[in-house]
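Here are my notes for you, point by point. Keep the model open while you read and find each piece as it comes up.

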Amino acid sequence: MCGINGFCDFNKRLQKEDIEKANELLQHRGPDDGETVVFQTPDAHIGLGHRRLSILDLSSLGHQPMYSDDKQVVIILNGEIYNFKELRCQLEGKGHRFISNSDTEVIVKSYLQYGIECVQQFIGMFAFVVYDMRLQKIFLCRDRAGVKPLYYYFANGCLLFASELKAFHQYKVFKKEIEPKAVSLFLSYGYIKEPYSIFKNTHKLSPGHYAILDISNQQLQLHQYWNVLDYYNKPVIDIGEEEATDHLEKLLTSAFEYRMVSDVPVGVFLSGGYDSSLVSAILQKNSMNKIKTFTIGFSEDKYNEAEHAKAVAHYLGTDHHEYYCSTKEALEIIPTLPYFYDEPFGDSSAIPTILVSRFARQQVTVALSADAGDEIFAGYRRYDQLVKIKKIKQYIPSFLARPSSKILQQLPVNNPRYAKLGEILSAETEVEISDTLSRHFTPKQVNALLNTTEKFKVSLIDLDNIPLKSDFINTVLAADYKTYLADDILTKVDRATMSAGLEGREPFLDQRIVEWAAQLPSSLKYNKGNKKYVLKKLTHRYLPEKIMDRPKMGFGIPINKWLRGELKPLVMDIISRKNLQKHNLLNEDAVISLRDNYLNSSESDTSQLWLLLMFQMWWNQWME
């Protein structure tokens, strides 16, 4: 796990000192080593920078940037290729020789053998950049799920790329111009969907994509090499419950064991829920030693999962570690959020994720997380809402739904619940309903908050690319995988773990699991209100149902209480007329009114005020 950055400057203005400054800003991603190199060619100045968190082959042989034997191909990598040992054996059979035990060298030799299509063979999480001097091309590549980030800026004869946006601020060619549509996306959903970023001409490379920069003609082209929708669009597998459970066990066992390969200590984040408990159970069963598990606890019972995690750990016999976090410790994280999440980001569970990452880092360098179980196997309560809404809408004739929807959406802005109901009534598909349920601000509210005459109609979903002919559970799962998972959950975990110099691994996102689960009948995921059906059946092979049978808890914290209590002075200071006037992006009166209504009413939407606070704090961090 590392941090990468670099440039291709056709104007030949950027030098080694520029990339060195950018590289230092990514030190938290790679505290063990750092190196930069600049190539001055007739067409451009090309720079590559790398910060290393040593995980595989801790020797200097794993140093990056890494070159091919003839020095004509150079690579920088963030991430891990878990099946690198098998690939190495195959490449050795084709005549390649290796000097290190690193997965980075396997990528170099795979590229030499197969070209950029070598990515099809990788099981892993990765963002890497290859500079091929023979072809005079630069390749940017991101893993299938988007576990590892990769931003790029392409304007005015210069390409910049980096693991985090903060690196771009060190380049004098970078223009910090706000992308208004990104602000609208953030207010709507609490995160900015790929390929957008908060800045103009700046993008997230989409998961499952690579980009090719042809240095000779300065053209940048995007290519998609993998798409989860291809698997949701395949015929549903004809499979029974027991056979599906057996096969899932084999897939998970392989995926989990791959992610234990490391030359440094490895642990597991254990919440006590089904996903993390299953990860811990399978790993402990197949380990001769006690695996290390880590949990963060809170004094508020509503948010505390520590007791559940302890019960699971005790039953499995893991080497369990728990830490009860004080309110003071949690609150101290908040001022750091805009720095590590260096574009507006509104998921408050980033706070406990950072805390558990710091706690785990005291003993391990790698931690397995259980994210994506909800998106792959239908674990969210929102799916219950969708089922209920679907049933209700069947009994509402269209001649009543359309006028009712119009009336509800025309009500004043301060009635968002009615506006959402209006959108639901007019929605033609379950994906559109799910999109509406995911919003923090309605479209009408967003347009009222934006201080611009240009209005945006934003959606997470490109309806043309979602398999609407599939049953609605699988359709919504596909949509969540491509949006909320990639741009909220995985962003949250990457920045949180990396802020502590910890490598986070996501075993549920092994493509073999994702591709197979996409083709499962939805009844094996959501069965008469029983969410994660087949995954729960498998978990009960390892853990008694009485331990696991409890209401689902999110990884949350008492933000509502804090905003009206300990954080109120911060809210009044940051969300103030003086601060709003610094950028004039948001309607001053509308924001202040929302702030005051929230602080004076117990029924206001906490997420809305939190998003405004995060946006203002981000602005103060990066734009002043």
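1. Start with helix α11 (residues 350-361). The expected span of a helix is 1.5 Å times one less than its number of residues, so the 12 residues of α11 should cover 16 Å, and its end C-alpha atoms are indeed 16 Å apart. Helices here are DSSP runs of H or I with at least four residues, strands are runs of E with at least two, and both are numbered from the N terminus.

2. A word on where this comes from: the model is predicted, so local features need pLDDT of at least 70 and side-chain atom pairs count only at pLDDT 80 or more, while totals for chains, interfaces and linings use all residues. Residues are numbered from 1 along each chain as its sequence is written, and side-chain values use heavy atoms, with hydrogens and water left out.

3. Is α11 mostly covered or mostly uncovered? Mostly covered: 10 of its 12 residues are buried (buried means under 20% relative accessible area, exposed over 50%, partly exposed in between, with a 1.4 Å probe and protein chains only). Among the buried ones are Ile354, Leu355 and Phe359.

4. Thr353 of α11 is buried too, and it has a partner from far along the chain. Val493, 140 residues away in sequence, has its C-alpha atom 6.8 Å from that of Thr353. Val493 belongs to helix α18 and counts as buried because its relative accessibility is 6%. Setting aside neighbours within four places in sequence, Val493 is in contact (heavy atoms within 4.5 Å) with Thr353, Asp371 and Glu506.

5. Now look at the open sheet of 5 strands, in the order β15-β14-β13-β16-β17, with parallel pairing. Two strands pair if DSSP finds at least two bridges between them. β15 (319-324) and β17 (503-505) are at the edges with a single partner strand each, so one side of each has no neighbour in the sheet. From one strand to the next, the twist averages 30°.

6. Zoom in on strand β13 (residues 266-269), where Val266 and Val268 point one way, Gly267 and Phe269 point the other way, and all are buried. β13 has 3 bridges to strand β16 (residues 366-368) and 3 bridges to strand β14 (residues 292-297). Which residues does Val268 face? Leu368 is its bridge partner in β16, and Thr293 stands opposite Val268 in β14.

7. Helices pack on this sheet. Helix α7 (residues 274-285) lies across β13, β14 and β16, at about 145° to β13, and helix α8 (residues 306-316) lies across β14 and β15, at about 170° to β15. (Axes are lines fitted to C-alpha atoms, for helices over the stretch in contact, and angles run from 0 to 180 degrees between N-to-C directions.)

8. For contrast, try the hairpin of β11 and β12, which has 4 residues between its strands. Strand β11 (residues 209-214) and strand β12 (residues 219-224) pair in the antiparallel sense over 6 bridges, with Leu213 opposite Leu220. In the turn, Gln218 has a positive phi of about 60°.

9. Last, the inside. The largest nonpolar core has 103 residues, and Phe126 is one of those with the most contacts inside it. (Such a core is a set of buried Ala, Val, Leu, Ile, Met, Phe, Trp, Tyr and Cys residues joined through side-chain atoms within 4.5 Å.) Helix α18 (residues 472-499) gives the most to this core, with 10 residues. A second, separate core of 83 residues includes Leu185 and Phe359.
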